[in-house]
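Student: Could we go through this protein chain together, from the overall fold down to single residues?

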Amino acid sequence: MAAKLPASYLDSPLTQLGWNARLEAAFAPHRTAGLVPARVATEDRHFYNVFTVDSELIAQITGRLLHDSAPNELPKAGDWVAVALHEEEQEKATIHAVLPRATQICRKEAGRKATEQVLGANIDVVFVVQGLDDNFNLRRLERFLVMVNEGGAKPVILLNKTDLCPHTAQRLAEVQATVGKTPVLAVCAITGAGVKGLAQWIHQGVTVAFI
């Protein structure tokens with residue numbers, strides 16, 4: 001039976017940030033241990049800016065978590081974590097665990113060994129943005145699309161700078177033929193043309209990213 005959200009979490013800031021029944025089920029043993037859920041907004045080495053249900057805190061990971069985790073298993077932007085609050089330093093917290101990720105965005109790191117770097121976690125929709133000016137590159141667009149699909153998020157192709165492209169319809173057809181059923185939108189950030197079309201993928205509780 002699926003876990004239900006506690007009444008205190010309904011319409012709370014955490015729910016607006018994407019907290020759901022899947023996460024509630026994964027968090028159950030941590031709640032028993034007296035920890036609270038939080039979402040990672042930013043990371044700076046081993047310092048993290050996190051949001052709990054009612055606070056924005058600076059958090060550090062425990063030595064055990066650091067020792068027992070591979071680099072890509074440590075908290076990244078977008079991760080949900082289990083934290084202990086500090087009674088004496090109320091603006092600080094300690095991260096004890098990272099909840100299982102639904103999706104993640106990774107890139108290959110340069111070097112002899114094929115390693116991946118996690119750029120973000122638990123992202124629902126990724127807008128892959130490319131300009132329709134001289135920077136347009138269909139192969140690069142395909143590489144980003146593969147990266148998003150491999151991570152489990154929903155990709156949406158966003159072709160920007162329509163004001164600089166006299167052959168927008170041709171570009172749209174070319175891209176759509178390449179990416180298949182992946183949604184493709186043509187927009188102009190300066191004039192706002194086509195931007196309203198993004199609203200169908202952006203809702204409360206949905207995490208989006210632009211790459």
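Tutor: Gladly; what follows is a set of questions and answers on this predicted model.

Student: Let's begin with the whole chain. How many helices and strands does the secondary structure come to?

Tutor: The protein chain has 211 residues, and 39% of them are buried. Its C-alpha atoms fill a box of roughly 60 × 45 × 35 Å along the principal axes. The secondary structure within that box comes to five helices and eleven strands.

Student: What percentage of the accessible surface belongs to carbon and sulfur atoms?

Tutor: Start from the total, which is about 12300 Å² for the protein chain. The part of this accessible surface that belongs to carbon and sulfur atoms is 54%.

Student: And the charges: how far apart are the mean positions of the positive and negative ones?

Tutor: Two groups enter here, 21 positive and 22 negative charges. Taking the mean position of each group, the separation in the protein chain is 8 Å.

Student: Now the largest pocket. Which element gives the largest share of its lining?

Tutor: The pocket has a volume of about 250 Å³, and 13 residues line it. Strand S6 (104-109) and H4 are the elements that give two or more residues to this lining. Those lying nearest the centre are Cys106, Arg107, Lys108, Met147 and Glu150. With seven residues, the largest share comes from H4.

Student: Staying with that helix, is Val146 buried, partly exposed or exposed?

Tutor: Val146 sits in helix H4, which covers residues 138-151. Its C-alpha atom is 10.0 Å from that of Val179, a residue 33 positions away along the chain. The relative accessible area of Val146 is 44%, and because this falls between the cut-offs of 20% and 50%, Val146 is partly exposed.

Student: Let's turn to backbone angles. Is Asn122 buried or exposed?

Tutor: Asn122 belongs to the loop between strand S7 (115-121) and strand S8 (125-131). Its phi is near 55 degrees, a positive value in a residue other than glycine. The relative accessibility of Asn122 is 6%, and since the cut-off is under 20%, this residue counts as buried.

Student: Lys161 has a positive phi too. What is its relative accessible area?

Tutor: For Lys161, phi is near 65 degrees, in a residue other than glycine. The residue is found in the loop between strand S9 (154-160) and helix H5 (168-179). Lys161 is partly exposed, and its relative accessible area is 33%.

Student: One more loop residue, Ala77. How far is Ala77 from Glu43 in space, C-alpha to C-alpha?

Tutor: Ala77 lies in the loop between helix H3 (63-68) and strand S4 (80-85), and is partly exposed at 25% relative accessible area. Leaving aside neighbours within four places in sequence, its contacts include Glu43, Val40 and Leu119. Ala77 and Glu43 are 34 residues apart in sequence, yet their C-alpha separation is 6.4 Å.

Student: To finish, of the contacts between residues at least 6 apart in sequence, what percentage join residues at least 24 apart?

Tutor: Ala77 and Glu43 make a handy example, being in contact and 34 residues apart in sequence. Across the protein chain, among contacts between residues at least 6 apart, the share joining residues at least 24 apart is 57%.

Definitions and conventions:
Residues are numbered from 1 along each chain as its sequence is written. This is a predicted model: local features need pLDDT of at least 70, side-chain atom pairs count only at pLDDT 80 or more; totals for chains, interfaces and linings use all residues. Side-chain values use heavy atoms; hydrogens and water are left out. Helices (H or I, at least four residues) and strands (E, at least two) are DSSP runs, numbered from the N terminus. Buried means under 20% relative accessible area, exposed over 50%, partly exposed in between (1.4 Å probe, protein chains only). Contact means heavy atoms within 4.5 Å. Accessible areas come from the Shrake-Rupley method with a 1.4 Å probe; for residues, only the protein chains shown count as cover. Lys and Arg count as positive and Asp and Glu as negative; His and the chain ends are not counted. The place of a charge is taken as NZ of Lys, CZ of Arg, CG of Asp or CD of Glu. On a 1 Å grid over the protein atoms alone, a cavity is a set of points where a 1.4 Å probe fits but cannot get out, and a pocket is an open set with protein on both sides within 12 Å along at least five of seven lines; lining residues have an atom within 4 Å of a point. Grid points are joined across faces, edges and corners, and a volume is the space filled by probe spheres set on the points.
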